[in-house]
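User: I've got a few "how do you know" questions about this one. Can we go through them with the structure open?

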Amino acid sequence: MTNIPGHDQRTPLLTTTRSARRQVAAGQASLREHNLSIVLREVLDNPGRTTRAKIAYAVGLTRASVSGLVEQLIRGGLVSETDPEVVDRAGRPGVRLVPAGSTIVGLGLQVQVDSLSVRAIDLTGRVLADVRVAGDYRGVSPDATLTDLLDITQPIVDDLVAAEMTVAGACLSIPGIVEGTVVRFAPNLGWVDVDVAPALSRLGITGKVELGNDADLAGLAETRARRIENGAPQRDQSFFFVAGEVGIGGAVIVGGHPFGGVHGWSAEVGHVCVDPDGPPCGCGANGCLEVYAGKYAIMAAAGLPITDPIASLVAAAESDPQAAAAIDQAARTLGLALSAALNMTDVDAVVLGGIYHTLFDQIHDRVLEILQRRVLTTRWAEVRVERALTTDNASLTGAALRTLEWVVDNPAGWVPAE
């Protein structure tokens, strides 16, 4: 069992995606369904810092009602009690509440051009299983790739079930345009209109199975990490997240929520044109950002093996002009694409993740200089370029967290009936 790097284990990685304003408890009309959810969210947002009395005050229910709801959540394996709080007043101290660990598990699956990955996370944010298998999946048939993914996933599911944990469901992260359980187009994989549901059903998971765009899921994980690391309220988080890998994805986060557009396909920044006469891209167009600033593109321009780790490029750039020029070209084209994105989305921060996390010191100044020159509103609103807090396969973490959000939205489905 491992922990997410940089994550304080006293605070769960999973936090509410809703507004930072406390939800008002519904009355008797919604009883169990709504009230269980808001009580569970209070525990997730304030692990080890809240009690029944504090929750009652925060959501507007009586302490007796909250106590009953908490008992149900405890029986359902969603909440646990710890030691009493330390108080400097008369009366019995309240018992502190925390998310239950190793009970309900979210499963994140991922297909990337160069790897297959699986990660299981519980309600505390702890990683219970984490497997990555390197490979080259460009042009491999979807069925063969998904079969390989299931081969590494099934033993993890079996182990979790054997340990008497409940797998709430699974979310598959894909570098492409997705709709429902169908991958509409993943150009770097060569997938077109692939329904993943039949393959994932072979896992025998009784919970929900969903598909997600890798950049959107990485943005979800980044939002959680920023709330935990910086204490940034959800409503104050608005930024353009860039997931740089072999391909380049983006996610627009506004007020702590991803903005997906009409079909959920927004922020495909990797396919913004930076040179209409440029090289062909896997999407069928020419001169897209990916052919200049994607991992394979940068490594090839630097004269290095495309599958080498990006850290080798950083080391080479210290003495090799070709490697330094490849990084500069990536930074310049990234700045051009992002300036167009910021002019249209009106967010004032860019968060660079994936390979750009490693390249951050080399590209920050160049990207920022272009944004300051090309984003119209910089005279009135400062533009920031920040390094992502999520460093360890953020989209995979986001996939597992999305599964757990289904539980938080509907805990009644996991709590035994009274």
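Analyst: Sure, starting with the sheet. In this predicted model, five strands form an open sheet in the order E13-E12-E11-E14-E15, with mixed pairing.

User: What makes E13 and E15 the edges?

Analyst: Strand E13 (257-259) and strand E15 (384-387) each have a single partner strand, so one side of each lacks a neighbour in the sheet. From one strand to the next, the twist averages 30 degrees.

User: How do you know that E14 and E15 pair?

Analyst: Pairing takes at least two bridges, and E14 (residues 349-354) shares four with E15, in the parallel sense. So they count as paired by that definition. Val-350 sits opposite Val-385 in E15. Helix H10 (residues 321-345) packs on this sheet, touching E11, E12 and E14, and its direction makes about 150 degrees with that of E11.

User: Why is H13 called largely enclosed?

Analyst: Buried means under 20% relative accessible area, and 15 of the 16 residues of H13 are buried, so the rest of the structure largely encloses this helix. Helix H13 (residues 394-409) reaches 22 Å from its first C-alpha to its last, close to the 22 Å expected.

User: What makes Leu-338 stand out in the largest nonpolar core?

Analyst: Leu-338 is among the residues with the most contacts inside that 41-residue core, along with Phe-240, Val-242, Leu-352 and Tyr-356. H10 gives the most to this core, ten residues. Beyond neighbours within four places in sequence, Leu-338 is in contact with residues including Val-269, Val-350 and Leu-371. Another core, of 37 residues, lies apart from it, with Ala-120 and Leu-150 among them.

Key:
Residues numbered from 1 in each chain as written. Predicted model: local features only at pLDDT ≥ 70, side-chain atom pairs only at ≥ 80, totals over all residues. Heavy atoms only, no water. Helix = DSSP H or I, 4+ residues; strand = E, 2+ residues; numbered from the N terminus. Axes fitted to C-alpha atoms, helices over the stretch in contact; angles between N-to-C directions. Contact = heavy atoms within 4.5 Å. Expected span 1.5 Å × (residues − 1). Buried < 20%, exposed > 50% of the residue type's maximum accessible area, 1.4 Å probe, protein only. Core = buried A, V, L, I, M, F, W, Y, C linked by side-chain atoms within 4.5 Å.
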